[in-house]
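Subject: Structure handover

Hello,

Here is the structure you asked about. My notes on what was found in it follow below.

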Amino acid sequence: MNLKLSELLDLFPNIKIISGSYSPDEKIDFVRTDSRKLGPNDLFCLPDSSGDKGVEYAKTSSSRYILIGSKLKIPKLENKIVLKTDLDPESFAGPIASIILGNPSSKIKVIGVTGTNGKTSLTHILAYLGESQGKSCGLIGTTGVKFKGILSDTGYTTPDPCSLQSILKEMYDAGVEYVFMEASSHGLKLGRTNGVQFKAGVFSNLTQDHLDFHPDMEDYLKSKALLFSALNPNQETFGVVDSDAPGGKDFKSFVEASSPNLKIFSLGRSSGEFEIHSEAFSLEKTSYLIRLSEAWGGDTNITTNLLGGFNVRNTALAFVTALGLGWEKESLLSALESIPQIPGRFQIYYSKNKSRMAVVDYAHTPDALENILRSIRESKPKELVALFGCGGDRDKTKRPKMAKIAQELADKVILTSDNPRTEDPESILDDIQAGFTSGYSPMLREVDRAKAILYGISHLKEGGCLLVAGKGHEDYQIIGRDKSHFDDGEEVQKAFDSLA
């Protein structure tokens with residue numbers, strides 16, 4: 001498929017040709033924001049974020065068509081057609097790609113999930129519930145793209161807009177009916193989801209993260225809310241909001257003000273249309289009562305094999321979303337009892353005699369660390385040791401906050417490296433340790449993560465639990481600019497196997 005140049009200009013009045021000889025019948029094969037992926041007849045939407053390098057990208061680009069923003073001044077380029085817009089060219093990439101590919105998201109049901117924590121768990125739970133209903137489901141998110149048993153990695157939670165549209169087209173061609181995708185604040189703000197027609201949006205929570213990208217928490221919230229702004233109330237779309245979660249009430253108020261006609265289902269413990277009560281926890285299961293509207297059957301007891309208080313929120317949000325999609329209630333309740341392990345989310349490992357356990361989890365924000373520690377506490381281990389670090393070249397303000405939480409909720413703390421990237425690992429640990437109260441010392445401070453995990457397992461008391469937090473499903477570690485294989489689960493298992 002392709003798009004005539006004349007059709008592009010008709011469809012997008014904000015785009016004008018400023019230089020180059022052309023015929024209106026010329027055809028654009030596809031659109032890209034990454035110069036490395038360009039074909040000779042592709043349209044290069046040169047992102048404003050390219051800055052001063054944009055001129056060089058335009059000159060050396062292999063494509064005939066180049067769309068630039070109003071701030072970029074480039075000379076006339078031989079054999080190239082230069083188009084211009086007052087908006088960021090990147091914002092057009094998704095809609096143009098969607099048109100060229102036949103608007104794939106209009107032919108399948110795409111459900112976007114946003115929030116600081118819980119996106120991966122929610123999308124996996126929803127996909128499993130859909131499969132239990134006989135639906136063909138696809139996943140797009142932190143752990144990659146998955147459909148029809150095929151898993152691939154994009155390198156991003158939310159892929160670039162052109163790749164995203166191509167993925168949706170592949171899923172449609174393969175017979176996928178429902179797509180559950182993580183909508184990150186970066187992806188939403190940068191326009192990666194532009195051109196996607198969403199059936200529903202789900203909001204989990206909003207806590208401190210990514211303040212190296214967002215100027216403040218208000219911008220972070222508004223970026224998340226772009227998912228709900230993309231929902232068209234005339235197409236029977238709906239939103240689901242955990243109004244009791246951190247940031248939930250503010251998020252709901254903002255969406256109600258900006259999208260007053262959108263149907264929103266609100267989940268809460270003591271407020272909202274759907275209330276949660278009577279939570280009970282063990283190392284085998286989690287159970288609770290959810291108070292539904294009479295139209296959906298009234299009070300309903302839910303039992304799930306997923307452990308911890310945060311999975312009460314995750315499964316309840318997934319359950320309400322599934323009901324909103326019109327799925328059969330009783331089979332959903334049955335499926336919730338045996339959800340497959342979600343990669344790197346409360347992943348449990350045991351010693352050979354099961355006298356000790358470890359939990360590997362992706363928790364890398366203050367709120368996520370607090371939630372996972374409280375959830376492990378609910379299972380009443382005889383000792384709880386928290387092992388974590390913080391990523392380099394990222395928000396530094398959360399580091400001491402995570403230390404304070406670990407000191408309060410764990411019996412002992414081990415500090416180690418996460419992905420230090422180009423920062424000095426010891427300096428990162430200094431930033432973390434500044435959050436401890438005066439006189440408090442960690443059980444161990446060791447930048448070598450493998451050694452730290454082995455130490456934690458080796459010194460764990462019988463009946464104790466070691467939380468290994470921060471990397472979860474990641475099978476790599478970035479030190480400097482080198483990326484090497486490293487898997488927390490593998491290291492935990494090796495450590496347990498080494499015990500006599």
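To begin with one cysteine: Cys390 is buried, at a relative accessible area of 3%. Please keep in mind throughout that this is a predicted model. Cys390 sits in the loop between β21 (383-388) and α12 (398-409). Apart from neighbours within four places in sequence, its contacts are Arg399, Met402, Asp418, Ile428 and Ile432. Between the C-alpha atoms of Cys390 and Ser484 there are 17 Å, with 94 residues separating the two along the chain.

The loop between β21 and α12 also holds Asp393. Asp393 has a positive phi, near 60°, and is a residue other than glycine. With a relative accessible area of 33%, Asp393 is partly exposed. A second residue of this kind is Asn103, which is not a glycine yet has a positive phi of about 50°. Its place is the loop between α3 (90-100) and β8, and at 29% relative accessibility Asn103 also counts as partly exposed.

Cysteines and disulfides

How many disulfides does the structure hold? The number is zero. Two cysteines show why.

- Cys45: the closest cysteine sulfur is that of Cys162, and because the distance is 6.6 Å, the two are too far apart for a bond. The cut-off for a disulfide is a pair of cysteine sulfur atoms within 2.5 Å. Cys45 is buried, with a relative accessible area of 0%.
- Cys465: its sulfur lies 19 Å from the closest cysteine sulfur, which belongs to Cys390, so this pair is too far apart for a bond as well. Cys465 counts as buried at 0% relative accessibility.

The five-stranded sheet

Cys45 also has a place in a sheet: it is bridged to Leu67, its partner in β6. Strand β5 (residues 43-45) and strand β6 (residues 65-69) run parallel and are joined by three bridges. The open sheet has five strands in the order β2-β7-β6-β5-β4, with mixed pairing. Its edge strands, each pairing on one side only, are β2 (16-19) and β4 (31-32).

The eleven-stranded sheet

Another open sheet has eleven strands, again with mixed pairing, and the order is β11-β10-β9-β12-β8-β13-β14-β15-β16-β17-β18. Which strands are at its edges? They are β11 (150-152) and β18 (299-304), each of which pairs on one side only. On average, neighbouring strands of this sheet are turned by 15° against each other, ignoring direction.

Within this sheet, strand β16 (residues 274-281) and strand β17 (residues 286-291) run antiparallel and are joined by five bridges. One bridge pairs Phe281 with Thr286 of β17. Helix α9 (residues 309-324) packs on the sheet. The strands that α9 touches are β8 (109-114), β13 (198-203), β14 (238-242), β15 (263-268), β16, β17 and β18. The direction of α9 makes about 165° with that of β14.

Helix pairs

Two packed helices are described by the angle between their axes and the distance between the axes. Both values are given here for two pairs.

The axes of helix α11 (residues 366-378) and α12 come within 9 Å and cross at roughly 10°. Angles under 35 degrees count as roughly parallel, and α11 and α12 are therefore roughly parallel to each other. On the α11 side, the contact is made by Pro366, Leu369, Glu370, Leu373, Arg374 and Arg377. On the α12 side, it is made by Lys398, Lys401, Met402, Ile405, Ala406 and Leu409. Met402 has appeared above, as one of the contacts of Cys390.

The axes of helix α14 (residues 449-458) and helix α15 (residues 488-498) also come within 9 Å, but cross at roughly 45°. This angle makes α14 oblique to α15, and the crossing is right-handed. The residues of α14 in the contact are Arg449, Ala450, Ile453, Leu454 and Ile457. Those of α15 are Asp488, Glu491, Val492, Ala495, Phe496 and Ser498.

Regards

Technical notes:
Residues are numbered from 1 along each chain as its sequence is written. This is a predicted model: local features need pLDDT of at least 70, side-chain atom pairs count only at pLDDT 80 or more; totals for chains, interfaces and linings use all residues. Side-chain values use heavy atoms; hydrogens and water are left out. Two strands pair if DSSP finds at least two bridges between them. Helices (H or I, at least four residues) and strands (E, at least two) are DSSP runs, numbered from the N terminus. Axes are lines fitted to C-alpha atoms, for helices over the stretch in contact, and angles run from 0 to 180 degrees between N-to-C directions. Contact means heavy atoms within 4.5 Å. Buried means under 20% relative accessible area, exposed over 50%, partly exposed in between (1.4 Å probe, protein chains only). Angles under 35 degrees count as roughly parallel, over 145 as roughly antiparallel, 65 to 115 as roughly perpendicular and the rest as oblique. A crossing is left-handed if the near helix is turned anticlockwise from the far one by less than a right angle, and right-handed if clockwise.
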